[in-house]
Structure formats: C-alpha cells, structure tokens
Amino acid sequence: MEGNSPDKRRWHRFEEWDARPLRLDSFAEENPEDGFAVFNSPYDPSPSLRLSPDGTVLEMDGRLAADFDILDSFIARHHIDPTVAAEAMAMDSAQVARMLVDINVPRARLEHLARGMTPAKFTDVLGHLNALETTFAYSKMRQRHSPGNQAHVTNAKDDPLQLAADAAIAVALGFDEIETTMRVAGNAWANALACTVGAAAGRGSTLFQCSIEEAEELKIGLAGLATYAETVSVYGTERSFVDGDDTPWSKAFLTAAYASRGIKARCTSGASSELLMGFHEKRSVLYLEARCLCLQRAMGVQGTQNGGIDGAPLTASMPAGVHELLAENLLAVWLGLECASGNDTRISESEIRVGAKITPYLLAGSDLITSGFGSIKAYDNSFNPSLFNSEELEDYLVLQRDFQVDGGLVPIMEDDALKLRRQALDALGDVLEELGLAQADEAMKESVLYASGSNETETFSPATTLAISNSIAARGLTALDVIRALACRGHARLAENVLVMLRQRVSGDYLQTSAVIREGKVVSAVNEPNDYSGPGTGYRMSPEKWERVKSIRGTINRDHVLKAEGRHEAPSGTPTLYSIGRAEKGRDPYEVVIGISPAFGERLHQTTAGHAVTDVLNALYSGILSGGGLPRVVRIMHTADTSFLGLTAARLSGSGYGIGIQAKGTAIIHQRDRLPHMNLELFSNAPLVTIEHYRRMGHNAARMTWGEVPEPVIVTNDGQALSARFHTKVALLYAIETEMTAPGADPLDQYFATPERNA
C-alpha cells in the first residue's frame, strides 16, 4: 500500500496503532456471494407460510413442500405449530420486535408466538433490534431465573492430577458445569475420572461433561463419569449435515439416547459454522442459525450451545458480527431453549474487544454465560483459548462487582484454594491406588498443588496417563467404583457427593430445561422460571451472594491506608517537625513558605509514591536554599485542599510565593495575588514524583522570589491508569486529612529539625 511505502513518511500515530494487538485481528468485508453477511443477505428468503386445511405445511419461506430439503421438512413437521402459525406469521415483524422489549408483554406470550414462526420470520424480527434492545430482550426471555456459568477444565498434558485440582477450583468458583476434553483422544476416560473426583472435592453438585466423539462420550456417561453432553452438532444447510454423515433425525435420536440414560443433553450450533464448512448457500449467518435453532426446538432437546462457538471469531470479523452472536442467543431463549451462550472462543487479540463482548451477557444474564470459561491457563485450554481464561478470571470477578451483576462466579480465598487442591489431589491419588491404576507420589502432588499450569508440573508421563485411561475403559470401571474407592480411603464426603449425582441421574430432574444443581437441589426453568417484567422484578442477587461477589482481592479500607501511609516508625536521624506557635506574615522578600496539610507528619507519614513525608519536606527545604530562598514551614489547619494550602502559604510568605503540599504528596507552587486554582506549578501525579522532583520544585520557587521564570519541572506519565491504582487510597487519605481540619484555625509555624540543622 502507498501509505506503507518505505519512501513515504507516515504519521507516527499509525505506526503506534500498527503495534497494537488489535492489528492482529482480521476483518471481513460484507460479501453475501462468499457467505459474509450477518443479519441479512439478498439470498435470504422472505418470510412466508402456507398451510393446508389439516395444518400441513405447503410452502415455507418461499419454498414449496415438494422442494423442501431435509431441514425444511423437519422444521415443517416438528417445529411449526399450525394452531398459532397463522397469527404469528401475519404479525408485522416490527411489532413483534417491539413486543420483545415491552415489559408489559409476558415471556410466555412471545414463546407461544415463536412456535408458529419460520426461520425467515425470526431473522426479519431480530433485524429490527439494535444491540441494546437485543440485550434487554435477552434478559427478559432467558429461561432460568438465576444466571449460571460453565468452565473448561483441561491441560496440555491431560494430567489427571492437575485436572482434579483444577476441577475442585472451578467448582469452588461457582461454575454450575465443568467440561473437559483432551489432547489425546485415548485419555478421555482418565480425564473423566479425574474431573469427577476433583468436582466432588468442591461443593459436589456440579454437572460434568467429557467432550469426545459422541459414541465414546455416551459410554462415559453410561459409566456415570459424565452428567451432560453438548457435542450434538446441528447445521443450517443440508450439505453441512450430509458432509457430517448426519441428518436432523439421527441427531434427534442421539439426544433422545442421552436423555433416556439420564444424561442432560443440548445441541451445539452457531453462526458461521456453515461458512467454515463451505456450505453457506450465500445466506446470512443469522438466517442459517435460525434454521438450526428451529431444528433444535423441533428435536425436543432441552437446550443449545450457540453464539458462534468455534465460528465466533469469523462472525466477529464481519460488520455487526458481535451483535449477531447475541441475537442468535436471544432467538434460542425465545424458542424456549436453555442457552449456553458461547463466549467460549477468543474472538480477538484486543482486550478491549474481549471485555466488550462479555458485557451484554453479564448485564442480561444467561443460563450459562460462557460455555465455557477457561478456568485454566490459555495454553492449557485444549478447546483453544476461551474468551476469558484463568489469566483474566479476576478481571471477570471485578466486572461482576462493577455492574452489580451475577456472572455465576464468586471469589475464592488463597488459603481455601490450596486446601481444596490438596483435598482433590489426595483423593484422586487414593482412588488411582485403590483401583490399581497408578501410584501418585507426594512429589507429583506437590508439583501440581502450587502450579498455575502444566508447564510447572512433574507428574505422570503421557504413556502412563494413556495406560490409566485404557485400563478404566477395558475394566469397565464406573462411578460406583470411584465411590467405593473414595469411601475405603476415608473420603466419605467426596464419596457422598459423587453418589448424590448418581441419584440425580435416576430421578432425571436435571433433564428439565436450563437445569443445574445447587446445594443438592435441581434449579431449572420449571421450578425457577425467569419472571422479569420490568424494574423490581426478575433475578436480583441475594444480600449474601452480593457480599460474596463484592469480596474480591485488593479491596482496601481506612485501616489498610493508615497501616501503610500512617507508618511513623522512623530510623535515628530522620527529620522531625515541631509546632512552635501561630504563624504570622513574613517580611523577607526571598522567603518561601512551605504549607503542609494537617495530617502531614502527624497521622500520615508516607506519600503515595512511598516517600517519607519528612524526606519530601527535606527535599523542598534544601531546594529552596539552593535557589537562594529562605524556607519556612507552616502547618495549615483550616484546609487540606492543595490549591488553598499553596495560596495560604503564599499569603504568609514575605516574597508572596509559597508551596502547598498534602501528606499524599500532591504539591503546588502558588503566588498570593493569583486566583486559587491558577497555580504556577503543580505535581498532581504524586505517585510518580521523585525526591529530586521535589528538590527542583523548591529550587524553582526560590528563583521566582528573585523575579525569574524558571523552566517548570515536568513529571512524565507513561500512560499509567494512576486514578485506578490510587484513587481509592487517595480518597481515604483525603478523608483523614479533612477530618483534621478546623475552620478558622490559625496556621502554625513548624520547627523542621534535620540531622544537619541539629548538628
């Protein structure tokens, strides 16, 4: 490109932008011919539906029944409800869109209408909503009252010990579901056993999936080592189905097989899967996903995992793509399906885009906000990095706190985390030994206990892990064997936790729509439906849950501040301050008064940069002397405001020049005839100010008394978010300062005793 030619100079800002992570993302132009269209394509059909007197679909979305493909046929037979179709299809699409955001229209009414709408009708309706309206409609239409979340628990080595420890942490963080997969397919059984034991070390009521080839996954589920599945993929074009050697009927049979064995199942679809497979038919990604979701409702499956999934980065590369991902989630819940709303794929190298992507789901809530969250490090995520991984976990916890929303997670204390990891490691080690599968020595467990990821562990060799997995499968070991082994080795509570999940399998209650298990009880759209109908309704965190969500690491209070900035233990020889009486106006034309705040050296002894306040004062004092001025220190009691500290100091000074400084380190040079906030020099970013900066400030103030205009001292800021780092502390410090002020109180001269002066 011309702008990048070596002989043409560029504005440096573009060079800086080129170095940003965002430039690693790719962005697609809209091109329906190649399938790059999000909300509409000229090749999308117009909504239409014609029924025979007996309710048979004769024509749907512009296609006659004789020309139906396998998707049309399945949708027409099993999704379209002829008793509501005429009403639903006759409604103006814009009117239906307004109903979605109208708090006076109940969710049940909209779900009823959805049973008579075709994929093209859904696409047309959703095209009327902007991103904010889609978010609001999602909060209204989601199925379960309370939100939830799902975690990925994997590692690069398929190490059972690390899986157990990380599963325990995921459960403690609050994930309602955990999902594993493996780098080596043969390790599936070992992964499943490890995660089952690890999950039992937590609260013991977390649903678990081992994501592997469908037939093998069903075997693992039948053995009681998995409780749900979501690997049943559904596509929006016939050729995609045929290429995968499947049909809607075969998928429906498979989900029924899972459910008949007490295994919760949902399908997986998502925008751009057909585009990735090359069978997009030039249709918009939303229209193709609308077909997928109508199919899933027609199959009778309880839920879906959609929102792009593996195709999310491709969808996000298109204009309005991230909005489309949210819109397809809205369609899922509108159709009455549980929604595991994607957010499981890293869509961007830009942290700003990643944070923006999760925000509407946090605000609206979702049955499962991610599917799933990489609770392990990104390099250990065998599904490929999730939108959020363990590196960003605390960022996510803070987002919950920022918006006062329940994102399905709660903080975990460091001591509790180590205790849980140790419990899971000991339990799995005992199970492996009791079942004759392997020996996990203390060194192995110790390496996992403190490890953040698999790069730090020294445990089983890959060959040993594969042998463990093969032995579990070959011997037909089941969850009952795990329970027996746990009980024999003294892990009674963990054994009971696993047994509780098997009892749930027998009852089948968690096959309900949007079902999760909390405190041993099923919570679903059946017994806890979303009842949002405007302000004051719907889900709100309990006070107890909000207390847990708020309790993130790094929170500070007044006591923390006083413990840090209030330290007053000083080594021998440190300068000290003494009040010596009421301060009067000076007469020396070269005098510079240093006006210190009420708490300076009294209750607060350290600046936000970590300098002792007496060292700062000494630097100002020596700087004034070096500039030919006469320093005087005055404690100003009626204010703690920097500007008025400086102005008061200037009015007390014989020269008319003064320095005001707060205990936190903010300092100012002022002149007595200026307006309060029209200072001469200001050190506002106190955390960046060095002792040398203060010395130079004192020197400049002294030179001003000689009629000079010295070069201002510049404190550079490299773009740090200083407000985020220090504002909480600063506000608490200032509160301490202001409570020590006394309106109308006289300023007090201070004797500043330095080692040099004492000598």
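Is Thr206 buried or exposed? The legends below take up that question and then visit other spots in this predicted model.

**View 1. Thr206 and its surroundings in a loop.** Thr206 sits in the loop between helix H9 (188-200) and strand E6 (207-210). Although placed in a loop, Thr206 is buried, because its relative accessible area is 5%, and the cut-off for buried is under 20%. Beyond its neighbours within four places in sequence, Thr206 is in contact with Val171, Phe175, Asp176, Glu177, Ile178 and Met501.

**View 2. Trp334 in the largest nonpolar core.** This core holds 150 residues, and those that touch the most other members are Leu100, Ile178, Leu193, Ile220, Trp334 and Leu486. Once neighbours within four places in sequence are set aside, the contacts of Trp334 include Val96, Leu100, Leu110 and Glu111. Ala114, Met117, Phe122, Val125, Leu126 and Met141 are also in contact with Trp334. A second, separate core has 34 residues, among them Val616, Ile624, Ala663 and Leu733. In soluble globular proteins, nonpolar side chains tend to be buried together.

**View 3. Helix H17 and its kink.** H17 covers residues 351-364, which is 14 residues. From first C-alpha to last, H17 reaches 21 Å, close to the 20 Å expected at 1.5 Å a residue. Look for the kink of about 25° at Ile358, shortly before the proline Pro360. Both Ile358 and Pro360 belong to the buried residues of H17, which also include Arg353, Val354, Lys357, Tyr361, Leu362 and Ala364. The buried residues of H17 pack against four helices: H7 (131-141), H15 (312-316), H16 (321-334) and H18 (393-403). Just after H17 comes Gly365, with a positive phi near 80°.

**View 4. The ring pair of Phe74 and Trp249.** The whole structure contains 15 aromatic pairs. In this one, the ring centres of Phe74 and Trp249 lie 5.1 Å apart and the planes meet at 80°, an edge-to-face arrangement. The pair joins distant parts of the chain, with Phe74 in helix H2 (residues 70-78) and Trp249 in helix H12 (residues 248-260), 175 residues apart. Phe74 counts as buried because its relative accessibility is 3%, whereas Trp249, at 36%, is partly exposed.

**View 5. The ring pair of Phe373 and Tyr396.** The centres of these two rings are 5.2 Å apart and their planes stand at 85°, so this pair is edge-to-face. Phe373 lies in strand E11 (residues 371-374) and Tyr396 in helix H18, 23 residues apart. Phe373 is buried at 0% relative accessibility, and Tyr396 is buried at 0% too. Ring pairs also gather Phe175, Phe373, Phe388 and Tyr396 into a cluster.

**View 6. Backbone details at Gly372 and Asn384.** The peptide bond from Ser371 to Gly372 is cis, with omega near 10°. Gly372 lies in strand E11. In the loop between E11 and H18 you will find Asn384, a residue other than glycine whose phi is positive, near 80°. Asn384 counts as exposed because its relative accessibility is 54%.

**View 7. Glu519 between two strands.** Glu519 occupies the loop between strand E12 (516-518) and strand E13 (521-523). Glu519 is not a glycine, yet has a positive phi of about 55°. With a relative accessible area of 76%, Glu519 is exposed.

Methods. Residues numbered from 1 in each chain as written. Predicted model: local features only at pLDDT ≥ 70, side-chain atom pairs only at ≥ 80, totals over all residues. Heavy atoms only, no water. Expected span 1.5 Å × (residues − 1). Bend = angle between axes of the 7 residues up to and from the residue. Buried < 20%, exposed > 50% of the residue type's maximum accessible area, 1.4 Å probe, protein only. Contact = heavy atoms within 4.5 Å. Core = buried A, V, L, I, M, F, W, Y, C linked by side-chain atoms within 4.5 Å. Phe/Tyr/Trp six-rings, centres within 6.5 Å; stacked < 30°, edge-to-face > 60°.
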